[in-house]
Amino acid sequence: MSIDTLPPAGPASSSLAHNQLPRYTTQIVLVASLAVGAGLSAVFGGFSPIRFAVLSTLVFLIVNTTLSAVVEGRRKAVDKLVTALVYTAFGIALVPLISVIWSVLDNGLERFSLDFLQTSMRNVTGLNDQQALEGAAPFIGGAYHAIVGTFLITALASVISVPIGLLTSIYLVEYGRGRLARAITFFVDVMTGIPSIVAGLFAAALFAVLFGVGTRNGFAGAVALSVLMIPVVVRSSEEMLRIVPNELREAAYALGVPKWRTIVRVVVPTAISGIASGVTLAIARVVGETAPLIVTAGFTSSINTNPFSDWMMSLPAYVYSQAMRPLSGSSPQPSFDRAWAAALTLILIVMVLNLVARLIARLFAPKTGR
Amino acid sequence: MTTTATPPPTERRSAPPRAKARPGDRIFSRSAQVAGILILIILAGVAAFLVREALPTFTADPSEIDGGEGFLSYVWPLVFGTVAAALIALVVATPLALGIALFISHFAPRRLAQGLGYVVDLLAAIPSVVFGLWGIQWLAPQVQPAWAWLADNLGFIPLFTGPASATGRTMMTAGLVLAVMILPIITAISREVFLQTPTLHEEAALALGATRWEMIRMAVLPFGRPGIISGIMLGLGRALGETMAVAMVLSTGGFTWSMLTSGNNTIAAEIALDFPESSGLKTNTLIAAGLVLFVITLAVNMFARWIVSRRSEFSGAN
Amino acid sequence: MSKRIDVGDLNVYYGSFLAVEGVSMAIEPRSVTAFIGPSGCGKSTFIRTLNRMHEVIPGARVQGKVLLDGEDLYGSNVDPVTVRRQVGMVFQRPNPFPTMSIRDNVLAGMKLNSSRMSRNQANEIVERSLQGANLWNEVKDRLDKPGSGLSGGQQQRLCIARAIAIQPDVLLMDEPCSALDPISTLAIEDLIGELKQNYTIVIVTHNMQQAARVSDRTAFFNIAGTGKPGKLIEMDDTTKIFTNPSVKATEDYVSGRFG
């Protein structure tokens with residue numbers, strides 16, 4: 001053991017020890033800024049949460065940075081400023097998130113009930129709404145027809161998109177070579193960028209040519225949604241198929257298994273959890289699409305279970321029509337309430353789909369034994 | 001591009017063990033190929049039907065088009081509105097998104113970061129119509145005083161000319177709603193590339209005596225730049241094509257420079273608002289406008305890709 | 001320029017796990033000190049505590065003292081950023097910034113502190129540092145090309161140039177040659193011999209011949225078993241460690257008889 005005796009530590013003038021602020025400076029400045037912000041906002045035109053937040057943040061940014069610049073130097077000050085800005089950015093981003101969820105819950109729960117989910121809008125008029133507001137009649141009207149419509153249209157869109165998307169991704173990963181594969185990859189990318197309203201216009205134009213101008217039904221809506229859904233399915237499945245280790249394929253070939261059986265029995269099952277959760281997420285994405293359905297499936301207040309004829313309501317279109325065209329112009333509140341309740345229903349459906357996707361990914365993941 | 005996951009099928013078939021090629025293989029590979037070709041057909045169909053239905057607009061007498069002065073003068077205010085709303089969204093969302101992405105990747109405690117990433121993804125899952133509803137009923141009244149203040153104090157700038165709309169249903173508000181909608185897109189992509197920054201580069205910067213921010217500027221941002229740009233461009237593409245937020249929030253009208261009064265409209269919102277009740281030439285005109293939107297978003301996406309592929313020499317791919 | 005390092009009874013923890021226990025040593029200025037020992041014995045962990053780079057790993061912390069010319073690196077008002085400017089580090093795998101040119105890579109550290117630097121000054125620093133890293137003649141015609149285009153050995157020398165551009169007092173090298181071929185390794189070893197004139201150099205290496213070739217003093221670390229902390233077994237002049245070590249475990253290790 002060679003241990004030198006340590007020289008006495010800490011000479012007076014140190015090149016390492018920079019001037020540093022005490023450890024809790026930031027926290028103290030933060031609390032002080034909140035107090036000052038509250039005071040300032042009270043002085044300038046009365047207290048409001050927004051004014052308080054903005055002023056406090058500004059005070060904190062200025063004081064904290066200046067203090068650091070004076071004591072610790074420019075570089076440290078810049079570092080602290082950026083840190084504070086990054087935290088601020090995150091704080092700002094929380095505002096819309098919380099406020100969207102809060103307003104949907106707060107406004108939506110008012111009318112969200114089994115009744116709402118089980119009745120349609122047939123024969124509900126503005127007069128009912130006025131009477132409901134005056135307390136003369138019960139609140140009626142729900143979103144059953146829209147839920148049925150959304151379910152049928154989305155299911156149809158999935159039936160169209162999933163086989164096409166999955167087979168295409170198999171082609172790209174397992175067979176695709178040369179110009180055709182490159183063209184497909186390129187145009188799938190192009191398709192990803194199609195605005196949803198353009199997809200709707202395409203379906204509308206297609207059906208206008210095939211079945212006459214002004215044709216609107218659930219199937220046209222499903223076609224529009226498919227245009228949006230196919231590239232998502234291709235992309236996610238392709239990604240999942242690509243991470244299947246090549247050794248598995250080679251092991252199957254070495255056993256004399258033909259290629260198509262290798263794909264069906266080995267490759268796809270290995271990737272199935274990822275594919276299924278990708279498909280579920282794609283469904284969750286199109287279930288909330290509004291614009292393409294407005295121009296293809298139209299609006300109605302009655303239940304329609306046949307997607308191949310007549311207009312069909314969907315949940316997003318229901319939200320839109322209740323919010324923008326209330327039944328009663330003079331007392332729109334019941335319609336607004338219905339819009340919020342439908343928005344809540346829609347969000348619940350999307351969240352459930354997202355959760356299901358996560359569950360699928362976890363439950364059906366290949367067992368690794370770890 | 002396709003990676004060489006398996007040897008090309010032609011090579012495998014060159015010395016078949018059995019003379020008869022497996023029919024299962026042929027059927028399967030052919031159907032996979034057909035599915036791929038179907039996508040090309042669908043896309044060709046989208047283009048063909050849009051062009052076909054849009055054509056009457058260009059052959060029709062200019063006086064018959066909405067506004068009476070031909071398609072170009074009909075569509076350019078809509079293009080202006082589309083671009084303006086998207087730019088407002090981009091200006092607001094980009095710095096915020098980069099901040100959040102950095103927060104999740106380099107500032108937040110590790111355990112918290114994953115949860116936060118999930119929360120941001122949640123924002124992306126909310127349907128656009130819900131954002132529209134939120135924008136018109138909650139956000140518009142909240143931000144109206146801010147617009148009034150802007151119009152009073154910065155009214156000399158053409159974009160802020162007053163008087164500000166009393167309902168708050170303006171381009172600025174629509175742009176804000178769009179910003180909230182594209183925030184998760186830019187955040188998610190930037191976060192992914194920030195997290196992929198090689199530890200080696202981060203440590204190299206720290207070992208030179210860089211502060212956290214200097215390390216981010218030296219190692220993380222340069223590495224993530226192509227990712228950031230493609231995230232921004234994807235967000236822009238989404239903002240350009242987004243319909244419902246604008247259709248619901250904006251109180252539409254004719255062209256005006258001011259972003260604080262009602263007026264202006266975007267292509268997507270114009271289609272959503274007018275198409276259901278349109279007929280005849282108006283339908284064709286709207287489809288032609290849709291075609292213009294398609295071309296714009298296509299150009300943005302292509303541009304994004306070109307930027308990402310450029311300067312690959314310095315990209316750190318090797 | 002060159003400073004001495006004294007370590008007093010240093011423990012390194014990952015969370016609650018004690019990774020390195022009770023290390024005390026003195027490292028002389030203008031000398032090369034090599035750390036040898038089996039994998040997982042804490043050499044790399046320990047060398048990182050000499051410029052506080054271990055703090056990059058979540059949960060890592062130390063107890064004890066590390067004195068740089070008598071100043072404690074872990075003093076209450078010491079900023080790790082300042083420490084790292086004085087104690088430079090070269091890593092196992094060469095890591096030039098891929099987005100920067102060779103020139104910018106060398107200047108990366110300089111640009112942090114003095115944002116205003118005349119072009120002449122900058123050129124001077126680039127040339128001096130690359131000369132110092134024996135790389136100047138190979139790259140002087142392509143200073144604006146990306147650093148990632150160089151060979152592995154050249155990249156590592158570029159990293160050394162980057163580290164010495166800010167004129168640190170100490171240069172830590174964590175297995176700097178383990179990713180390189182023998183010829184590049186030789187180039188780096190020659191370079192270490194020259195750098196010793198100006199810097200205190202600490203090098204972690206798995207290669208005992210390398211330790212014998214380049215270092216003046218050698219420290220042998222060992223670990224009693226998995227889950228046990230690494231310890232400093234013996235530190236002495238390199239010739240003594242390799243010919244006549246005073247601890248049996250050291251002799252077993254350097255002679256290749258290690259378990």
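Begin by selecting strands β9 and β10 of chain C, which form a hairpin with six residues between them, and within the turn pick out C:Gly227, whose phi is positive at about 85 degrees. Strands here are DSSP runs of E with at least two residues, helices are runs of H or I with at least four residues, and both are numbered from the N terminus. Before going further, note that this is a predicted model, in which local features need pLDDT of at least 70 and side-chain atom pairs count only at pLDDT 80 or more, while totals for chains, interfaces and linings use all residues. Residues are numbered from 1 along each chain as its sequence is written, and chains are lettered from A and ligands numbered from 1 in the order in which they are written.

Stay on the hairpin and colour its two strands separately. β9(C) and β10(C), the latter covering residues 230-237, are antiparallel and paired over seven bridges, where pairing requires that DSSP finds at least two bridges between two strands. One place to look is C:Ile223, which stands opposite C:Gly230 of β10(C). Now add strand β3 of chain C, residues 32-36, which runs parallel to β9(C) and is joined to it by four bridges; among the residues to label there is C:Phe35, whose bridge partner in β9(C) is C:Ala219.

With those neighbours displayed, show the side chains of β9(C), residues 217-223. Why is this strand largely enclosed by the rest of the structure? Seven of its seven residues are buried, so the rest of the structure largely encloses β9(C); a residue counts as buried if 20 or more other C-beta atoms, placed from the backbone, lie within 10 Å of its own. In a regular strand, side chains alternate between the two faces of the sheet. Here C:Arg217, C:Ala219, C:Phe221 and C:Ile223 are buried on one side, and C:Thr218, C:Phe220 and C:Asn222 are buried on the other.

Next, select the boundary between chains B and C, where 21 residues of chain B are in contact with 23 residues of chain C, contact meaning that the C-beta atoms of two residues, placed from the backbone, lie within 7 Å. On the chain B side, the elements that give two or more residues are α7 (199-207) and α8 (212-241), and α7(B) gives the most, with six residues. That side divides by class into 11 nonpolar, six polar and four charged residues, with Ala, Val, Leu, Ile, Met, Phe, Trp, Tyr, Cys and Pro counted as nonpolar, Asp, Glu, Lys and Arg as charged, and the others, Gly among them, as polar.

Widen the view to the whole of chain B, which has 11 helices and zero strands, and in which 51% of the 318 residues count as buried. UniProt, in an unreviewed entry, lists "transmembrane region" for several spans of this chain, including residues 32-51 and 116-140; such annotations may be inferred rather than shown by experiment. Residues 32-51 of chain B are 100% helix, with end C-alpha atoms 29 Å apart, whereas residues 116-140 of chain B are 92% helix, with end C-alpha atoms 27 Å apart.

Finish on chain A, whose assignment, automatic or from a database, gives domain 1 (25-108) and domain 2 (144-363). Taken over C-alpha atoms, the centres of these two domains of chain A are separated by 41 Å, and four residues of domain 1 are in contact with six residues of domain 2.

Definitions and conventions. Buried ≥ 20, exposed ≤ 12 C-beta atoms within 10 Å, placed from the backbone.
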